[in-house]
Amino acid sequence: MDPRYEALYEALKNVHGYIYPNEISLTWSILIVEYPYITGLVAGAFILASLNRVFKIKALEPTYIISLLTAFAFLLVATMPLISHLGKPLRFWEIMITPHSTSAMAIFGFVYLWYLMIVLLLEIWFDYRYDFVIWSREKKGVMKYVYKILTLGAMGTSEKDLKWDKKIGYFITVVGIPSAFLLHGYVGFIFGSVKANPWWSSVMMPVIFLFSAMVSGIALVLFVYMGINFIRKKVQNMPTLDSIGKYLFYILIIDFTLESLDQIHRIYEANESFEIISMLVSGKLFFTLGIMQVTVGTLIPLLILGLFQFFKPADKIRKIAYFIISIFVLTGVFFMRWNVVIGGQLFSKSLHGFTTYNLGFGGQEGFLMALFWMIIPFGILAFLLWLLPPWKKTVH
Amino acid sequence: MNLKTEKSSRRKFLNTVALLTGGLLVSSVTKPFNGLLAASNKPEGNGPWYGIGIDIEKCIGCGRCANACKEENDVPRVPFYFRSWVEQYTIKNDGEIIVESPNGGIDGFTQSVPDEDIFKSFFVPKMCNHCSKPPCVQVCPVGATFETKEGVVLVDSNYCIGCGYCVQACPYGCRYIHPEKKTADKCSLCYHRISKGIAPACMEICPNDARIFGNLRDKEGELVKFLKEHTCHVLKPEMNTGSKLFYNALNQEVK
């Protein structure tokens, strides 16, 4: 037997009911689960940073730069799972060169570039420009020139220059908020606009994606912020943690409400896809949806965070709780993406049966590749924190 | 030239420039939104406009169409990639629907339900619907899949990036990522044959004339005659894909 087809012959044995013959293998694998997941983390982390800047929330200040750098590190990797999943990865640039105007996916390149180049890069640059100048004066050796290049020749340090940095930075943040909404709402649209798939086709999809993105981004910043303090052996700032926890709680409520609304709507409408979808939810997605997404990723964090709004246990307990919650929420949102992407392909468009998904270990779309693209952003973040240490920034 | 005419010609020039720039700006801003109207475009031109008719009452489930398609188009000889296949529908007395398509019907069918439990049973040949409002073409990010002027939906495998969005968008499960080419693959209505005036392989091989292929604009043609004489339906009409694959005697149970 051709080894290429071994897994498919195996899958053929595990088909339940009837599926169209071409549906045996899932076209979109774990890498496409990661793509909206990572993009969501970017949008969410950025929105947290913007909340701080636009609404001047004092308690969130220590997380501002960390949020931006986290968003940037993940944004650099966001397209990689998508590209490495392509049948012809080396042709990916065709999306940029000859985008097809009716395709939702074709616009991604432009939304992405707008966000990366215009919003995030510029915002970070204006935030750091003054520090680049100072560091280029203080540092010795190669680093002196690295920071000098990073100033792009804008060496002014007068009050007026600083005012301009702040002004433009603020303007970019204001532009950046709708951009972050656009970036992730748009990712939801890629799925929500597929009318052939009843599990995806929902006008709620972009909104749900957006709020779950905010939830995951806030949880990621909480995780990274606590991790950085732990590694640097610094005391965790409790008002900051409480404040992030409070926002996470609010957004999680909205997210859960929207997702519940979507499901209630499906159940009450109970159209022709209802039977197969209810079998999907109670069967193949029971673990990933019922346990991981809803219980671990939503209900437990909601309960604990809700409790903290009324009753605050000792700092030590809250600290541990926040750290665990951040991991739970991050896991829950990952499984939300899983349930959308993988779940939407497990049942046949004939509505008569199911196929299975076996995540391979190696290979182009295996577990290792997926893990690789999840670890890389943390490496980039570590490098950024070394190159642009927020704790060495001049307060201005 | 006096001062007055010079002023007026300058004004005229400025007006023209402003109009052109403004027009260009407005059209460049609104152009991308044409994309939103993709699903309501109308076919253009007067040439042949191909469609397919399938008479379910005539299909005997021999599977020769599925086999001929694989032979003709280099479709992998495995039981999971098909450009054309046949499904056997069995509706039991208790209302249960059983659908089967072992190896796409190439090896023929056996009936797993005892005769006394069968309410009715029939075969449904499946293939690309060559939609006039094809969702697969709409979503392709690089325009590698397209509709020819004859209404045939094709894939340019030298251009396709293999993202699989078209596979997701097709409501009929007619597309797959070719395991060797790594690009999207589907029924081409044997474009290489029809452009030379030869019928598609699946049509030619059918021993019972269950498949009709023809020009929908030819009012005297065989396909239009078939549509006139039978009550035909398309699959999943609610999808509004403008399907051009018309079935006679299509049961509502068929998806």
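Colleague: Over how many bridges do strand 2 (residues 84–92) of chain B and strand 4 of chain B pair in the antiparallel sense?
Modeller: This is a predicted model, in which local features need pLDDT of at least 70, side-chain atom pairs count only at pLDDT 80 or more, and totals for chains, interfaces and linings use all residues. Residues are numbered from 1 along each chain as its sequence is written, while chains are lettered from A and ligands numbered from 1 in the order in which they are written. B:S84 stands opposite B:M127 in strand 4 of chain B. Strands (DSSP E runs of at least two residues; helices are H or I runs of at least four, and both are numbered from the N terminus) pair if DSSP finds at least two bridges between them, and for strand 2 and strand 4 of chain B the number is 9.

Colleague: Which strands are the edge strands of the open sheet 3-2-4 of chain B?
Modeller: The pairing in this sheet of 3 strands is antiparallel, with the order 3-2-4. An edge strand pairs on one side only, and this holds for strand 3 (97–100) and strand 4 (118–127) of chain B.

Colleague: What angle does the direction of helix 2 (residues 64–73) of chain B make with that of strand 2 of chain B?
Modeller: The twist of the sheet averages 20 degrees from one strand to the next, with angles taken from 0 to 180 degrees between N-to-C directions of axes fitted to C-alpha atoms, for helices over the stretch in contact. Helix 2 of chain B packs on this sheet, touching strand 2 and strand 4 (contact means C-beta atoms, placed from the backbone, within 7 Å). Its direction makes with that of strand 2 of chain B an angle of about 160 degrees.

Colleague: Which helix of chain B packs on the sheet with the order 9-1-11-10?
Modeller: This open sheet has 4 strands and mixed pairing, and its edge strands are strand 9 (211–215) and strand 10 (232–233) of chain B. Strand 1 (residues 50–55) runs antiparallel to strand 9 of chain B, with 5 bridges joining them, and B:I54 stands opposite B:R211. The helix that touches strand 1, strand 9, strand 10 and strand 11 (245–248), at about 120 degrees to strand 9, is helix 7 (residues 222–229) of chain B.

Colleague: How are helix 10 and helix 12 of chain A oriented to each other?
Modeller: The axes of helix 10 (residues 238–269) and helix 12 (residues 286–310) of chain A come within 9 Å and cross at roughly 135 degrees. Among the residues in contact are A:F249 and A:F256 of helix 10 and A:P301 and A:L305 of helix 12. Angles under 35 degrees count as roughly parallel, over 145 as roughly antiparallel, 65 to 115 as roughly perpendicular and the rest as oblique, so helix 10 and helix 12 of chain A are oblique.

Colleague: At what angle do helix 10 and helix 13 of chain A cross?
Modeller: Helix 10 and helix 13 (residues 315–341) of chain A are likewise oblique to each other. Their contact includes A:M238 and A:L241 of helix 10 and A:R318 and A:Y322 of helix 13. Their axes come within 11 Å and cross at roughly 40 degrees.

Colleague: Which element of chain B has the lowest mean pLDDT?
Modeller: Chain B averages a pLDDT (the predictor's confidence in each residue, from 0 to 100) of 90, and 89% of its residues score at least 70. Helix 4 (residues 165–169) of chain B has the highest mean, 98, whereas the lowest, 69, belongs to helix 1 (residues 3–30) of chain B.

How values were computed:
Contact = placed C-beta atoms within 7 Å.
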